[in-house]
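Hi everyone, thanks for coming. Today I'd like to walk you through one protein, looking at its pockets, its cores and its cysteines. Please have a look at the screen first.

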Amino acid sequence: MVETAALEKRPLGNTGVSVSLLGLGGNRLLTKPDGGGEAVRLVKRALDLGVGFFDTARLYPNSEIFLGEGLEGRRDEIFLASKTHARDRRAARAQLHETLRRLRTDHLDLWQLHDVRTDGEVRRIFGAGGAAEALVEARERGLVRHLGVTGHRSPQVLCRCLEAFEFDTVMIPVNPAERHYRSFLTSVLPGAASAGVGVVGMYAYWGGLVSDLAWFETVEPFLRFAMSQPVATVLVGCDSVAQLEENVRYASRFAPMSPSEADELVRRMAPHASRLMYYKFPKGTPSSEMES
C-alpha cells in the first residue's frame, strides 16, 4: 500500500494555477451505479495521496454524485473540473447548475465543452445562442473560474475550437499510438502549449484497452510517455483503490522519457494502433479507414 506520495506539480497553462501531474478521471469505478461505497473510498484515498486534479462530466451522473460525497469538507484542497455536452446556451446553463448541485459545490475550477467532434458542432457552439455564451456567462458570474474544451475524434475540429475562442485548457488523448493516426500530439498539442493553453492528457491507457497488449509487463511506460509530453496533468480512470495506488506509485517516481525511448515505444505500438484507438471512431467505422 502506498502511504505517502510526492506528486510533481505543473503550471496549468497561463491560468496561474499549478496542478498535480496525476489527476483522477471521472470514469471507470466512479460511473458504476453499484460502486458507491468503493467509489467514495477511491476519491478520499486519492485526496490523501496528493492527487489534486479531479475531472468529471454531466454525462457521468453517478461520478458527480460520488465525487460530491468524497470531496465534501475538502473542496478547497483540489482543482475540480467538469464538462457539458450541450451545444446551446440554455441547455449548457441547465447542465452546469445540475453539475454544481451533484458535486455539492458553488463553483467549478474548470468547465469544459465535452468531446467536440464536428464542424457542425463548432458552428452551433460559437454561433448565436450557442454554448460558448453560457461558458462566458458562468465565468462572469463566478460559477466557474476557467474554461476548456475536450476532444478525441478530430484534431482539426479541436484546432478550430481553439481558434474560435480563448480557452484556458484543452484535453486530448496522449499515448504512443497517437502518432499513427490523426495525431493530437502533432497537430493540437504543440500550438496549444506554445500559446499558454493548459494541456490535460487523457487516454494514456486507451480507456483500459492497454490490458489487451500481451507483451507489456506493466503500464508504467505508457504513463511515463504521457507525462513526458508538455502536459499539465494526465488523467487516469481507476477500477479500484489498488489501481489508484499503483498509478500514484508510478507518478511519484516519474522520470521523463528520452526522445529515443519515446520513439521506440511509438514504433512498437504501430501494429496495435488502429485496434487501440477505437475511442477516436464512431461505431462501425471500417478498419481500412482507421488504418489509412
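Let me start with some vocabulary: Ala, Val, Leu, Ile, Met, Phe, Trp, Tyr, Cys and Pro count as nonpolar, Asp, Glu, Lys and Arg count as charged, and the others, including Gly, count as polar. Please also keep in mind that this is a predicted model.

Now to the pockets. The largest pocket has a volume of about 710 Å³. It is lined by 32 residues, and those closest to its centre are Arg28, Gly207, Gly208, Val236 and Gly237. Which elements give two or more residues to that lining? They are strand 10, residues 233–236, and helix 10, residues 241–252. Helix 10 provides the largest share, with 3 residues. With our vocabulary in hand, the lining of the largest pocket splits into 13 nonpolar, 12 polar and 7 charged residues.

Next comes the second largest pocket, with a volume of about 170 Å³. Here 13 residues form the lining, and Lys9, Gly52, Glu77, Ile78 and Phe79 are the closest to the centre. Strand 2, residues 18–20, gives the largest share of this lining, 3 residues. By class, the second largest pocket is lined by 6 nonpolar, 4 polar and 3 charged residues.

Let's go inside the protein. The largest nonpolar core has 87 residues, and Phe54, Trp111 and Phe222 have the most contacts inside it. Helix 1, residues 36–48, contributes the largest share of this core, 6 residues. What does Trp111 touch, if we leave aside its neighbours within four places in sequence? Its contacts include Ala92, Leu96, Leu135, Val144 and Leu147, and also Ser82, Lys83 and His146. Apart from this core there is another one, of 11 residues, among them Phe53, Met171, Val200 and Leu235.

Last topic: the cysteines. How many disulfides are there? The count is 0. Take Cys159: why does its sulfur form no such bond? The closest cysteine sulfur, in Cys161, is 9.2 Å away, which is too far for a bond, because a disulfide needs the two sulfur atoms within 2.5 Å.

And is Cys159 buried or partly exposed? Cys159 counts as partly exposed because its relative accessibility is 22%, and buried means under 20%. Cys238, on the other hand, has a relative accessible area of 1%, so Cys238 is buried.

That's my tour, and I'm happy to take questions!

Technical notes:
Residues numbered from 1 in each chain as written. Predicted model: local features only at pLDDT ≥ 70, side-chain atom pairs only at ≥ 80, totals over all residues. Heavy atoms only, no water. 1 Å grid on protein atoms, 1.4 Å probe; cavity = no way out; pocket = protein on both sides within 12 Å on 5 of 7 lines; lining within 4 Å. Points joined across faces, edges and corners; volume = space filled by probe spheres on them. Helix = DSSP H or I, 4+ residues; strand = E, 2+ residues; numbered from the N terminus. Core = buried A, V, L, I, M, F, W, Y, C linked by side-chain atoms within 4.5 Å. Buried < 20%, exposed > 50% of the residue type's maximum accessible area, 1.4 Å probe, protein only. Contact = heavy atoms within 4.5 Å.
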